[in-house]
Amino acid sequence: MSREAWVLVGVVAVVTLVGAVLLAVRVIRTRRLLGTLGVKGKVAFYGALLYTVLPIDVLPDPIYLDDMAVLTGALIYLGRLVRHRRAGSPPLPGRPVTGPEPDPHRRRVP
């Protein structure tokens with residue numbers, strides 16, 4: 001391979017590594033919600049993190065696209081669980097209770 005090809009491979013590897021790290025950070029930030037998400041949420045959270053850090057992957061480790069796909073899938077799933085739980089339950093601990101958003105097109109009546 002030529003030098004330019006190796007540089008391109010290196011840049012792609014660094015970009016995918018940064019993307020995987022950013023996704024992992026977002027998944028880790030959901031840890032505070034795990035108590036309310038139940039077993040399925042915990043399995044998605046810990047499963048995604050374990051898949052990311054374990055050396056056994058679908059694609060070799062310099063290519064983090066599979067890790068990014070697993071982390072993205074976990075984020076989507078956890079986000080849906082959170083929305084579902086918030087719609088049918090009281091607010092999460094530490095969250096302020098807010099009313100419905102005011103309609104900006106509605107006229108105020110004095």
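The side chains of Asp66 and Tyr51 meet in a polar contact of 2.7 Å. A polar contact here is a pair of N or O atoms within 3.5 Å; within protein, one atom must be able to donate a hydrogen and the other to accept it, and residues adjacent in sequence count only if both atoms are side-chain atoms. This is a predicted model, in which local features need pLDDT of at least 70 and side-chain atom pairs count only at pLDDT 80 or more, while totals for chains, interfaces and linings use all residues. Residues are numbered from 1 along each chain as its sequence is written, and side-chain values use heavy atoms, with hydrogens and water left out.

**Around Asp66**

Asp66 sits in helix α3. Helices (H or I, at least four residues) and strands (E, at least two) are DSSP runs, numbered from the N terminus. Is Asp66 buried or exposed? Asp66 counts as buried because its relative accessibility is 10%; buried means under 20% relative accessible area, exposed over 50%, and partly exposed in between, with a 1.4 Å probe and protein chains only. Asp66 and Tyr51 are 15 residues apart in sequence, and their C-alpha atoms lie 9.3 Å apart in space. Leaving aside neighbours within four places in sequence, Asp66 touches Tyr51, Asp57, Val58 and Leu59, where contact means heavy atoms within 4.5 Å.

**The overall layout**

Now a step back to the whole chain. The protein has three helices and zero strands, and reading along the sequence gives the pattern α-α-α. Of the 110 residues in the protein, 24% are buried. The protein exposes about 8700 Å², and carbon and sulfur atoms supply 67% of that area; accessible areas come from the Shrake-Rupley method with a 1.4 Å probe, and for residues only the protein chains shown count as cover. Among contacts with a separation of 6 or more, 58% join residues 24 or more positions apart.

Two of the helices can be checked against their expected spans. The expected span is 1.5 Å times one less than the number of residues in the helix. For α1, with 27 residues, this gives 39 Å, and the end C-alpha atoms are 39 Å apart, so the two agree. For α3, with 24 residues, the expected value is 34 Å and the end C-alpha atoms are 35 Å apart, which agrees too.

**The core**

Which residues have the most contacts inside the largest nonpolar core? They are Val27, Leu37, Phe45, Leu71 and Leu78, in a core of 15 residues. Helices α1 (3–29), α2 (34–53) and α3 each supply at least two residues of this core, and α3 gives the most, with six residues. A nonpolar core is a set of buried Ala, Val, Leu, Ile, Met, Phe, Trp, Tyr and Cys residues joined through side-chain atoms within 4.5 Å.

Val27 shows how distant parts of the chain come together: beyond its neighbours within four places in sequence, Val27 is in contact with Phe45, Leu49, Leu71 and Leu75. In α1, the buried residues are Thr16, Gly19, Ala20, Leu23, Ala24 and Val27. In α3, the buried residues include Leu71, Ala74, Leu75 and Leu78.

Ala20, in helix α1, counts as buried because its relative accessibility is 5%. Outside its neighbours within four places in sequence, Ala20 is in contact with Tyr64, Met68 and Leu71.

**The aromatic pair**

How many aromatic pairs does the structure hold? There is one aromatic pair. Phe45 and Tyr46 form this pair, which is edge-to-face, with 4.8 Å centre to centre and 80° between the planes. Rings of Phe, Tyr and Trp (its six-membered ring) pair if their centres lie within 6.5 Å; planes under 30 degrees apart count as stacked, over 60 as edge-to-face and the rest as tilted. Phe45 counts as buried because its relative accessibility is 0%, whereas Tyr46 is partly exposed, with a relative accessible area of 41%.

**Pairs across the sequence**

The table lists three residue pairs by their C-alpha atoms.

| Pair | Apart in sequence | C-alpha to C-alpha |
|---|---|---|
| Ala20 and Leu65 | 45 residues | 7.9 Å |
| Gly73 and Ala44 | 29 residues | 8.7 Å |
| His84 and Leu37 | 47 residues | 9.7 Å |

Gly73 belongs to helix α3 and counts as partly exposed because its relative accessibility is 35%. His84 also lies in helix α3 (residues 65–88), and His84 is exposed, with a relative accessible area of 58%.
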